[in-house]
Amino acid sequence: MTRVIVVGGGLAGLTAARHLARAGIDVQVFERRDTVGGRVRSRHEDGFVLDRGFQVLFTAYPAAKRELDLNALDLREFTPGATIARPGHRTVLADPLRDPGSLTDTLFNRDPTLRDKLRVLSLRREFAERDETELFVGEDRSIREFLADRGFSEPFVERFFAPFYGGITLDRNLSTSAAVFGYTFRMLAEGSIAIPADGMGAIPEQLADTARDQGARIALDTPVETIETPERGAGSIDTATDEVTVETGGETHTADAVVVATDPQSARDLTDVASIPTDARGCVTQYFSLPTYNALDTGRKLLLNAGEDGPNHVAPLSTVAPEYAPDAQTLLSATFLGDPDESDDELATQVERTLAAWYPERRFDDLVHRHTDRIPFAQIAQPPGFYRDTPAVDAPAGSVYLAGDHTRWSSIHATLDSGRAAARAVLDSE
């Protein structure tokens, strides 16, 4: 094994490229966009940092600690917990063990009952020792069913868990796998939610830099059209030969192996692996600025929408990371789940109305709509038991391997880990 092509310059592909290059392999990465990152990217515009949709890093993820230099990312952390908001009403709910300053507000918060609060503490103990391999196996159920079995009150589920995990899974109905809930709940208890000072795009940029330092080459604006062998033609791999041919815009490249680390639909098209999941969860994230003097009072906590209308949640991005906005300005993001029919302007009007309802004592005439990201494919759908059907890293025939969250579950952790797993599979095949 001397030469490997990696198709896709997102988190999984860059992680695979770095591990392969470190092992002495000649690695070429082909990325169809003009920048690395895949679904994790940032734009810098008029002094604002605009991530592609609302994205955060869970600092306790094992793969993040292993694959990233967290100190170099200069992380800015959200305060644990959230502000639960509905018209004319805002309350704070936090983990008093990790945010003692919110103890009084949390104790007197009536959105959860006393039993709800005790059951949250019980969940901490339940998931403290359960790792990923224990959770993503066997029987499964939805998050909603899991919470009902644990005895949480329906008002608390709707006011807190629905918007909070709606933001994580893009599924406010809580029909997502309880395994995803369990593992992310543990990660939230062990670490922080954070964003790099220079935006989420700093994560793939760091991975790309380290891959290049190991000797990998990264070609941007280079979409891969087919993966083939001479014997069987495009779209299929012949196990009789180890040579794999990749076509990019009329150019032909050969390699001993190929790692396909693209989006799920492209991966299915390139490999003919029918088990690659392509059902999607989407969202729309809008960015707004306010003058600093009119900043919201949620501090570094998320605002969760406990009502029925408007965005699922609002994030005070520049309060968490001042680098996200220029002087005298603050930056907010507001995220709607799914694919709403309303225009960008109509959604922005909804955001303004929602903030005005949450803060009836204030005016939002100076709220400026800066940008909208419509992201139809933000995550794979993850219904109960979905992980039993995801493809193995070596599911394609021949010397072709898969990397990406569609081989595991939708998270930065699983995406990074899948890149390492693909690299290991390539190296073990020698």
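A search of the whole structure, which is a predicted model, finds 26 salt bridges. Side chains of opposite charge can pair when their charged atoms come close. Three of these pairs are described below, followed by the packing of helix H8 against H7 and against H4, a nonpolar surface patch, and the surroundings of alanine 315.

**Salt bridge between two strands**

- Aspartate 26 and arginine 3 form a salt bridge in which the closest N and O atoms are 3.7 Å apart.
- This pair links distant parts of the chain, since aspartate 26 belongs to strand E2 (residues 26-30) and arginine 3 to strand E1 (residues 3-7), 23 residues apart.
- Aspartate 26 has a relative accessible area of 30% and is therefore classed as partly exposed.

**Salt bridges within helices**

- In helix H8, glutamate 190 and arginine 186 are 4 residues apart, which means that about one helical turn separates them.
- Their side chains meet in a salt bridge, with an N to O distance of 2.6 Å.
- The two partners fall into separate accessibility classes: glutamate 190 is partly exposed at 43% relative accessibility, whereas arginine 186 is buried at 18%.
- In helix H13 (residues 412-428), aspartate 417 and arginine 420 are 3 residues apart, so they too are separated by about one helical turn.
- The closest N and O atoms of the salt bridge between aspartate 417 and arginine 420 lie 3.7 Å apart.
- Aspartate 417 counts as buried because its relative accessibility is 12%, below the 20% limit for that class.
- Through shared partners, salt bridges join Asp417 and Arg420 with Arg18, Arg66, Glu67, Glu132 and Arg408 into one network.

**Helix H8 and its contacts with H7 and H4**

- The axes of helix H7 (residues 154-169) and helix H8 (residues 178-190) come within 12 Å of each other and cross at roughly 95°.
- H7 is therefore roughly perpendicular to H8.
- On the H7 side, the residues that meet H8 are Phe161, Phe164, Tyr165, Ile168 and Thr169; their counterparts in H8 are Val180, Phe181, Thr184, Phe185 and Leu188.
- The axes of H4 and H8 come within 9 Å and cross at roughly 100°.
- H4 is consequently also roughly perpendicular to H8.
- Val120, Leu123, Arg124 and Phe127 of H4 make this contact with Phe181, Gly182, Phe185, Arg186 and Ala189 of H8.
- Phe181 and Phe185 of H8 thus take part in the contact with H7 and in the contact with H4.
- Arg186, a contributor to the contact with H4, is also the salt-bridge partner of glutamate 190.

**Nonpolar patch on the surface**

- Leu114, Leu118 and Leu121 form a nonpolar patch on the surface, and together they have about 290 Å² of accessible area.
- Leucine 118 is located in helix H4 (residues 114-127).
- With a relative accessible area of 49%, leucine 118 is classed as partly exposed.

**Surroundings of alanine 315**

- Alanine 315 is part of strand E18 (residues 313-315).
- Its relative accessibility is 0%, so alanine 315 counts as buried.
- Apart from neighbours within four places in sequence, alanine 315 is in contact with Phe54, Phe78, Leu302, Leu331, Leu332 and Ser333.
- The C-alpha atoms of alanine 315 and alanine 334 are separated by 6.5 Å, although the two residues are 19 residues apart along the chain.

Conventions:
Residues are numbered from 1 along each chain as its sequence is written. This is a predicted model: local features need pLDDT of at least 70, side-chain atom pairs count only at pLDDT 80 or more; totals for chains, interfaces and linings use all residues. Side-chain values use heavy atoms; hydrogens and water are left out. Patches are made of residues with over 30% relative accessible area and no salt bridge: like charges are joined within 9 Å, nonpolar side chains (Val, Leu, Ile, Met, Phe, Trp, Tyr) within 5 Å. Accessible areas come from the Shrake-Rupley method with a 1.4 Å probe; for residues, only the protein chains shown count as cover. A salt bridge is a side-chain nitrogen of Lys or Arg within 4 Å of a carboxyl oxygen of Asp or Glu. Buried means under 20% relative accessible area, exposed over 50%, partly exposed in between (1.4 Å probe, protein chains only). Axes are lines fitted to C-alpha atoms, for helices over the stretch in contact, and angles run from 0 to 180 degrees between N-to-C directions. Angles under 35 degrees count as roughly parallel, over 145 as roughly antiparallel, 65 to 115 as roughly perpendicular and the rest as oblique. Contact means heavy atoms within 4.5 Å.
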